[in-house]
Amino acid sequence: TKMFTYDPGFTSTASCESKITYIDGDRGVLLHRGYPIEQLAEHGDFTEVCYLLLYGELPKPPQKEEFAHRVTQHTMVHEQMTKFFSGYRRDAHPMAVMVGTVGALSAFYHDSTDITDPHQRMIASLRMIAKMPTIGAMAYKYHIGQPFVYPKNNLDYAANFLRMCFTVPCEEYVVNPVLARAMDRIFILHADHEQNASTSTVRLAGSSGANPFACIAAGIACLWGPAHGGANEAALNMLVEIGTVDRIPEYIAKAKDRNDPFRLMGFGHRVYKNYDPRAKIMQKTMYEVLEATGHTSDPLMKVALELEKVALSDEYFIEKKLYPNVDFYSGITLRALGFPTTMFTVLFALARTVGWVAQWNEMIQDPHQRIGRPRQLYVDAPLRDYVPISNR
Ligand code: CMC
């Protein structure tokens, strides 16, 4: 029989060719279409990054304006969808709501599901990029028992999202530009990360020709896990659990104990073995947000900084090349922005949607594209005859 390469976790299998994102894990480099993440986060905005990921080039001014306008056209969800929400239990996790609701988009938009038509593919892509903040904000509002807030399309992507989340009844929400910029930067940092688990899931689901909205729902499901997008929520919960600096050694010891499954959440990365370049930018953004919101003396910050210091000087973490990743700092930042931990992974999903749709589009246009179908090494009994139940 034919033998296959055994590669659990696909650590050495390239599943596709891609022009979207380049990572050099040993040097801590992340490029989108050639542009370093540091420059995109510092000088660009999320709309430009979306355009870049989808079309391959940074937009010229009229292209950017038109693209922003096209996204804006699709921010509303069908009014019927607001009723869909009331089927969820009030205490449902917002990610559960996201998986269900984004999957349900496939039941609403039949005119953008012919994946052989580039025009329909782009409409489906724009719909998802545009509707994700609306649905994410609705998940939040439903969770806290407040009325939904409709998008206000003269605001940019991040400001619009903050307004949908934080407008309370009878009070106009004024967007703080520092916080909107921070939100936008958080979106940029999470926009794409080549063939991570959720993106590979979207590609695999899409490789069968499945409905694009359903494929993105599959990506959201994968992102939810604590080893992936759920790490930002888990990291903050961990900081809360640690609580005070004096308890850090106890948690470091637990993380190092091979018989204890506990891991320091927000540390380590499959690809980055030097540092996560996103984490550096995220750390800077964290300080900006803490400054702007007056949370500079947040006790969790103290725990985070001390934990980082201890871990970075510990032999175990050095030897295994475990550095803080993007999710280590995003939790504190998102909390200072006013989000509960249960919303953290929703924000990640919202930002990653553009990466998912860009990769899905690339896959569909790839002449080498075939259905994703890994093989296995079968390791149980060889051929044997059926035994009637009375003889077993
Ligand atoms: N704390 C303690 N030990 C760790 C950690 C950690 N956070 N991460 C890895 N290790 C150890 C692990 O126990 C293993 O030890 P040994 O060789 O003795 O068995 C070794 O380091 C290698 O770990 P691995 O699980 O084989 O590495 P991986 O590439 O499969 O996993 C990871 C990468 C990110 C899933 C893992 O580092 C982890 O679970 N980190 C915590 C969760 C987290 O922060 N995830 C967010 C990743 S960045 C954003 C995203 O991708 O969504």
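This note goes through the overall fold, the nonpolar core, the annotated positions and the ligand surroundings of a predicted model.

1. On overall architecture, the protein is built from 17 helices and three strands. Its C-alpha atoms fill a box of roughly 75 × 60 × 50 Å when this is taken along the principal axes. The radius of gyration is 22 Å, which agrees with the value near 21 Å that a compact globule of 392 residues would have.

2. On packing, 43% of the 392 residues of the protein count as buried. Among contacts with a separation of 6 or more, 76% are accounted for by residues 24 or more positions apart.

3. On the interior, the largest nonpolar core has 110 residues, and those with the most contacts inside it are M98, M183, I220 and L347. Helix α17, which covers residues 344-365, gives the most to this core, with 13 residues. Once neighbours within four places in sequence are left aside, M183 is in contact with A158, F161, L162 and L337. In soluble globular proteins, nonpolar side chains tend to be buried together.

4. On the annotation, the "active site" label comes from an unreviewed UniProt entry and covers H269 and D327. Although these positions are spread over 59 residues of sequence, they cluster in space, the largest C-alpha distance being 10.5 Å. The label should be read as a statement of that record.

5. On the first of these positions, H269 is placed in the loop between α12 (248-256) and α13 (277-293). H269 counts as buried because 24 other C-beta atoms lie within 10 Å, where 20 or more are required. Apart from neighbours within four places in sequence, the contacts of H269 are with D276 and N325.

6. On the second position, D327 belongs to helix α16, residues 326-337. D327 is likewise buried, since it has 29 other C-beta atoms within 10 Å and the cut-off is 20 or more. When residues up to four places away in sequence are not counted, D327 touches A231, N232, A235 and G266.

7. On the ligand, 21 residues surround it, and the closest are A231, R263, F267, G268 and R270. Of these, A231 is also one of the residues that D327 touches. By class, the shell around the ligand comprises eight nonpolar, eight polar and five charged residues.

Conventions:
Residues are numbered from 1 along each chain as its sequence is written. This is a predicted model: local features need pLDDT of at least 70, side-chain atom pairs count only at pLDDT 80 or more; totals for chains, interfaces and linings use all residues. UniProt positions are given in the numbering used here, feature names are shortened, and annotations may be inferred rather than shown by experiment. Helices (H or I, at least four residues) and strands (E, at least two) are DSSP runs, numbered from the N terminus. A residue is buried if 20 or more other C-beta atoms lie within 10 Å of its own, exposed if 12 or fewer, and partly exposed in between; C-beta atoms are placed from the backbone. Two residues are in contact if their C-beta atoms, placed from the backbone, lie within 7 Å. A residue is near a molecule or strand if its C-beta atom, placed from the backbone, lies within 6 Å of it. Ala, Val, Leu, Ile, Met, Phe, Trp, Tyr, Cys and Pro count as nonpolar, Asp, Glu, Lys and Arg as charged, and the others, Gly among them, as polar. The radius of gyration is taken over C-alpha atoms; the globule rule is 2.2 Å times the number of residues to the power 0.38. A nonpolar core is a set of buried Ala, Val, Leu, Ile, Met, Phe, Trp, Tyr and Cys residues joined through C-beta atoms within 7 Å.
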